[in-house]
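Student: Please take a close look at a single strand of the sheet and its surroundings.

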Amino acid sequence: MDKSRSDLIVWLRGRPHPIGQGQSFEQDALALCLSFITAGWLDAIFFLPSFAYHSVCHLASCAVRWEERIRTKRARRQLLSIQANPGASYVVPHHFGMIMDGNRRWAKRHAVSISEGHEAGTRAVHALISWWIDLEHRLSRAGYEHAKPTRPSTISLWALSMDNFKRKPDEVANLLQLIARHLVDVAYTPAIHLHRVRVRIIGAEGARAKFSPALCDAIDLVERLTATYGPNSPGGGFDLLYSVGYDGRAEIVDAVRDIALGGDTVSEAAISSRTSCAQIGVPPCDLLVRSSMLLRTSGYFLWDMRSAEMFFVKRLWPDFTELDWLQACLHFSRRSATGGA
């Protein structure tokens with residue numbers, strides 16, 4: 001047996017085994033074929049258990065993806081039919097809020113660094129924005145001229161809380177760098193300008209002092225380039241809010257302090273006019289979605305969430321799918337049609 005063939009057999013036999021230890025269906029199929037060609041069927045038998053195991057896993061994964069694809073198409077058709085019906089109840093929330101939770105757990109589950117988990121979360125942000133835009137395109141292509149608004153006037157994403165600054169300094173630095181890079185990408189994304197999306201940043205008073213210079217520059221850039229867009233601009237559009245350094249309790253404290261310093265009477269109307277949403281002229285949140293299945297709001301829009309519907313998704317944020325988004329919209333539509341009953 002020549003040396004190259006002998007080395008190949010040694011490499012094949014040296015692969016991790018018990019079954020499924022860090023291997024994939026494609027790797028096992030390749031190893032099985034190579035071992036049969038180079039060493040005969042006796043050596044190929046060694047790989048059969050692992051190959052069979054990953055074959056079953058691969059088929060099961062394909063079946064799950066196929067089933068979810070079918071459910072996504074069905075939910076999309078259902079939402080489109082409601083949108084196209086002029087007599088149907090209002091289906092799209094005025095203000096869609098998203099708590100993007102689970103990046104670190106996703107990274108741990110996939111055995112990657114925390115920064116890679118946050119990076120995967122930014123891809124889900126781009127996908128969420130594209131789903132709203134795609135829904136409008138589908139209605140226009142179908143010729144539904146009487147259709148109601150197909151997307152919210154405001155979409156808000158909780159990117160960073162004040163509590164996140166209590167994490168390890170290197171993780172906070174990576175987070176700030178990632179948010180800065182993401183905002184620069186958003187500023188130069190053609191779809192943002194084509195659909196006249198106004199990007200705005202909200203947060204607690206004093207939060208900006210904790211930001212890195214790169215993040216401050218990115219915020220100034222994206223807000224300046226999209227300042228003329230939004231729902232009130234010619235051709236329409238929507239507001240995309242990033243909550244960076246946001247804290248719900250601090251928002252209320254700041255509002256009450258401002259009322260007291262101004263000598264006004266503390267009232268519900270006075271506080272409502274001083275929330276982060278009111279100060280930039282966007283409606284209160286009426287649908288809040290949270291990933292990772294933690295059943296809490298963590299203080300997001302603590303004052304402006306009084307009448308909001310809440311929808312909790314089991315998946316971690318980087319795994320958030322179009323089906324999850326469609327189910328949240330349909331949940332809101334059903335609740336709105338029954339008056340929240």
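Tutor: F96 of strand β1 stands opposite I155 in β2; strands here are DSSP runs of E with at least two residues, numbered from the N terminus, as are helices (H or I, at least four residues). This is a predicted model, in which local features need pLDDT of at least 70, side-chain atom pairs count only at pLDDT 80 or more, and totals for chains, interfaces and linings use all residues. Residues are numbered from 1 along each chain as its sequence is written, and side-chain values use heavy atoms, with hydrogens and water left out.

β1 and β2 pair in the parallel sense over five bridges, where pairing requires that DSSP finds at least two bridges between two strands. β1 is also joined to β5 by four bridges, again parallel, and there the bridge partner of G97 is L288. L288 in turn stands opposite M310 in β6, and β5 (residues 287-290) runs parallel to β6 with four bridges.

Five of the five residues of β1 (residues 95-99) are buried, so the strand is largely enclosed by the rest of the structure; buried means under 20% relative accessible area, exposed over 50% and partly exposed in between, with a 1.4 Å probe and protein chains only. In a regular strand the side chains alternate between the two faces of the sheet. In β1, H95, G97 and I99 point one way, while F96 and M98 point the other way.

The open sheet has six strands in the order β3-β4-β2-β1-β5-β6, with parallel pairing. Its edge strands, β3 (197-202) and β6 (309-312), each pair on one side only.
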